[in-house]
Structure formats: structure tokens, C-alpha cells
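Let's take a walk through the empty spaces of this protein and see what sits around them. We'll start with the ligand and work outwards from there.

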Amino acid sequence: MNPTRRDFLKVGAAAGVGVVFSTLEIAPAAVVPVSGAARTAFRVAPIPTVRMGFVGVGGMGSVHVRNFLNIDNVRISAICDVVEAKVARAQKWVEEAGQPKPAGYSRGALDFKRMMAEEDLDLVLTATPWEWHVPVCVEAMKNGKHAATEVPAATSLEECWQLVETAEKTRRHCVMMENCCYDRIELMTLNMVRKGLLGEVLHAEAGYLHDLREIKFSSVGEGLWRRQHAMKHNGNLYPTHGLGPVAQCMNINRGDVFDYLVSMSSPSRGLQIYAAETFGKDSAQGKERFVLGDVNSSLIKTRNGKTIILIHETNLPRPYTRINLVQGTRGIVQKWPDQVYIEGRSPKDEWEPFETYAAEFEHQLWTKLAAQGEEGGHGGMDFIEDYRLIECLRSGVPLDTDVYDAAAWSAVVGLSEASVARKGQPQAFPDFTRGLWKTNPPLGTIGA
Ligand SMILES: NC(=O)c1ccc[n+]([C@@H]2O[C@H](COP(=O)([O-])OP(=O)(O)OC[C@H]3O[C@@H](n4cnc5c(N)ncnc54)[C@H](O)[C@@H]3O)[C@@H](O)[C@H]2O)c1
């Protein structure tokens, strides 16, 4: 079998559940390249002042707007949101920061297209509900702008390919804003891996385990849209917070590549119970029915034989974790609780606190930016993420993650759903890099 991209889409359409592969024999790894141009380590000429437009300035979009107002050499030129009051609020922040009032766009769900056509922008960042990420990014790139999207970048394999192919064709950046790659322990872990402390990394465990019941039933913000996905989809709907950082440790797309996954979901109970107890079983919410299994577990195999366990759990009572466990031949680290075990260095069979290793392995971005980032969302990582994006664009270097990472990490959404629907049958990852993962240089330690 040597399916072309077109065959690949046909197979998906025939399967009737988006673009999926029912057996490994028709794996898309042999997809024929559509372009001969170098597609990785992509860089553009330095952009001295980055002119930005935003689409979606609700919860997360607002965090980004405020962060970028605190980063030098950024000009916020345009704001789009379907809610006019949110546009006005963001415009006010920009003016208060001493910049001219940005143009506002709020004439409906497709008004971002008018913004792209009218405004001279270098970069458009979207923090809209999931279904708008790809339409906004594609429109931005087609209009010559670089695109940045909140997570996950895409919700199906077909959407992942749209991002990859548009970025390649337009020669624009398309980056997924995976802030967890910039969290302190994750960056320290990357440092430890790169410096060989863990030996060869063989296995990781990660996930997004966050009790979102209250948020999903809220009458504002994500409550207006996120719950709907749990009515239609059963799989890992939000894979990238956990997966991104460990994928970087494992050199995914830069020496290794995701090969296939199997996925299973537990029954769906949490949202139904919560709604009945909070609003009453005869309320509108109490009558809603959900298909999203409360605990979805996926097991990913890489081409070099490494393994990753990835969990999605957002409907049950529990404390927060993304796990972030990385096991190497010389030791293991994990987060929540943050602990390290290194053979020959840690007391035998005893975890050590991560802090014991901070003096040696603290990442330079945290040394440099922690104080500035404190107010910038999620304990500092959001500011560091936004800072790095501008630093890379201004220096004309490749971004820390690229469209292939956005696609590979987000592909778990569609693949896990397909596997769950087929009793855990393996689903092949497309090789979005079309073989270039074999020769792509490693990521390094980010910004070092
Ligand atoms: N990285 C993180 O830690 C993190 C945290 C929260 C949310 N997110 C992501 O950010 C995105 C937004 O989540 P949120 O919590 O800010 O949700 P939100 O509902 O608060 O914000 C979404 C905004 O998009 C606007 N919008 C909807 N459709 C639009 C359209 N077609 N054009 C323009 N504006 C539109 C809404 O009016 C709203 O203001 C999601 O992708 C979510 O997964 C990421």
C-alpha cells in the first residue's frame, strides 16, 4: 500500500467518522510529498516590530493580549471577536498601554476574514473555540500572515493536513501555542534529558486530568461551547498540554515520529451526575446526554519503539495533574508531585525533590523571565511562551514548535476517537513531515 494524500482522504471519508485508518497496513506514512521545498526548520526574515491581530479575546485570548502588551516591539493592530464588548475591552487595554487604538472587528463569526483582508499584520493569534482554529489559521496564512493558535490546533486529521499544506504552500509559520512546553518543571525536564541525566528516554506518561465540570456548565466562557464536544466525541479531546512537553523530550519529528496509537474510554458518568445534582435531573442540563468517556487512555508507540501513555480526564472529581513522567535508562522524573530518581545519584529506591536539581538544571528562560511572567497567566509559562514567539520572529530563527508538531500532537484527537470507536484498534499517525523527521535536527533546549 502506498496511499497518496487523496487516497488518504477517501479512506477517511469512507470510514464516515472523519479521516481515520482502520488498519496499520494502510498507514499514511508513505504519503507522497506535495512539495519539494525544504519544509522543516522553517524560518523567515527577522520582523523588527511584530504587528499582531487577535481573533477571540475571551479568557485565553485576553491573557495573550495582556502578555503581548508587556513585550517590547509588539504592536497590537487589530482585534476580532463575535462579542463587540470584548473587542472594546481589548481595545481599551491596548490604548491604556500607550498604543494606538487597534481596529475592531465584530460583525459575526466570519468577520476575521475581513480583518485578514484589510489589515497589515505579521501575526494573527486565535484563541477561539476549537472549531475555529483551522479556519482562522488558514485564512491568516492565505493572506500572508503567520498564524498562531490556541490548543488543540485541529480536531481531525483532515484539519491537521489543512494546516500543514497551507503552511507549506504559503511559506508562513503556523504555530500551536502549547504553553505547557514552557512550564518550569517541563523545561527543567527537557534540560535534564538533553544533558543526558536520564540516559536514553524510553517511555513517558502524560495527560490532562483537570476537573472541568464547573467550567463546562458555566454560563460564560468555555461553558458556552466546550460541553458540546462531550456530547458528540469520545476520545482524547485535549491531548497537547500533556503530550507536547514529553514529545519534545522524545525528539518527535526530529529523530523519531509517532507511529500508531490505541485508545479506550471508560463510561461517561461525570457530567450527567454533576448536572443532575447541580441543576436537577429535570432541568435542561440534567437532560443532556454525553458520549465522552470520563477517563480516556491512549498508548502511543513511536517509530523508534518508545511508548507514551496519555490520559484525558475532565469530568470527574480529582486534583489537577498533567503527570509529565519521563523514564530513561538512568532515571525517572515526574511532576505532581515533582520528583526525581537518578541511579547512582539519588539514595537507593528513594525519590528526591525536583528542587534538589534546580541549581544545576533550571532552564535559562525561567531564570530570565520568571519574575516578569508571574502575572502573565498559569504561573508564568504563558508569558514565557509569548515572549519566545516574539523573540524567534524578531531574530528570524525557527520557532520552538512548528506546524508539524501542531499537527502530530493534535492528531491524537481524531485518532483516539477512531480507536475508541473500533474497540481499541491501532490507528496509524500520518507522518506529517513526510520522512523529514529522520534528518531534522533536534530541538535542543529551547532558546539556549
Ligand atoms: N493554553 C491554555 O492553557 C488554555 C487555557 C484556556 C483555554 N485555552 C484554549 O483557548 C481557546 C479559547 O478558550 P477560552 O477559555 O478563552 O474560551 P472563551 O469562550 O473564553 O473565549 C473564546 C472567545 O472566542 C470568541 N469567538 C467565538 N467564535 C468566534 C469567531 N468565529 N470569531 C471571533 N471570535 C469568536 C468568543 O466570543 C470568546 O470571546 C480554546 O481553544 C481553548 O482550548 C487554552
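Start with the ligand's neighbours: there are 26 residues around it, and Met-60, Asp-81, Val-151, Asn-179 and Glu-222 come nearest. Keep in mind that this is a predicted model. Sorted by class, the shell around the ligand has 13 nonpolar, 9 polar and 4 charged residues.

Which atoms of Asp-81 lie 2.6 Å from an oxygen atom of the ligand, side chain or backbone? For Asp-81, the contact comes from an N or O atom in the side chain. Gly-59 does things through its backbone, with an N or O atom there lying 2.9 Å from a ligand oxygen. Thr-128 also uses a backbone N or O atom, and here the distance to an oxygen atom of the ligand is 3.2 Å. How much of the ligand's accessible area does the protein cover? On its own the ligand has 840 Å² of accessible area, and the protein covers 91% of that.

**The pocket around the ligand**

So where is all this happening? The ligand takes up the space of the largest pocket, which has a volume of about 1,000 Å³. This pocket is lined by 45 residues, and those closest to its centre are Gly-59, Met-60, Ala-127, Glu-222 and Trp-225. You've met some of these names already: Met-60 and Glu-222 are also among the residues that come nearest the ligand, and Gly-59 is the one with the 2.9 Å backbone contact.

As for helices, H2 (59-69) and H4 (111-118) each give at least two residues to the lining of the largest pocket. H2 has the largest share, with 3 residues. The lining of this pocket divides into 23 nonpolar, 14 polar and 8 charged residues.

**A second pocket**

The second largest pocket has a volume of about 490 Å³. Its lining is made of 32 residues, with Ala-41, Phe-42, Arg-254, Pro-398 and Leu-399 nearest the centre. Helices H6 (157-170) and H15 (403-421) each bring at least two residues to the lining of the second largest pocket, and the largest share, 3 residues, belongs to H15.

**Closed spaces**

Pockets are open, but there are closed spaces too. The count comes to 4 cavities of 30 Å³ or more. In the largest cavity there is about 90 Å³ of space. Its lining includes Val-175, Met-176, Cys-181, Arg-388 and Leu-399, and the elements giving two or more residues are strand E6 (174-176) and helix H14 (381-395). H14 supplies the largest share of that lining, 3 residues.

The second largest cavity holds about 50 Å³ of space. Among the residues lining the second largest cavity are Cys-181, Leu-187, Pro-245 and Asn-324. Helix H7 (184-194) and helix H10 (240-249) each supply at least two residues there.

Some residues turn up twice. Leu-399 lies by the centre of the second largest pocket and also lines the largest cavity. Cys-181 lines the largest cavity and the second largest cavity as well.

Here is how the linings of three of these spaces divide by class:

| Space | Nonpolar | Polar | Charged |
|---|---|---|---|
| Second largest pocket | 14 residues | 9 residues | 9 residues |
| Largest cavity | 7 residues | 1 residue | 4 residues |
| Second largest cavity | 6 residues | 3 residues | 1 residue |

Terms used
Residues numbered from 1 in each chain as written. Predicted model: local features only at pLDDT ≥ 70, side-chain atom pairs only at ≥ 80, totals over all residues. Heavy atoms only, no water. 1 Å grid on protein atoms, 1.4 Å probe; cavity = no way out; pocket = protein on both sides within 12 Å on 5 of 7 lines; lining within 4 Å. Points joined across faces, edges and corners; volume = space filled by probe spheres on them. Helix = DSSP H or I, 4+ residues; strand = E, 2+ residues; numbered from the N terminus. Nonpolar A, V, L, I, M, F, W, Y, C, P; charged D, E, K, R; others polar. Near = heavy atom within 4 Å. Polar contact = N/O pair within 3.5 Å; in protein donor to acceptor, adjacent residues only side chain to side chain. Areas by Shrake-Rupley, 256 points an atom, 1.4 Å probe, with all protein chains shown as cover. Sits in = over half its atoms within 2 Å of the grid points.
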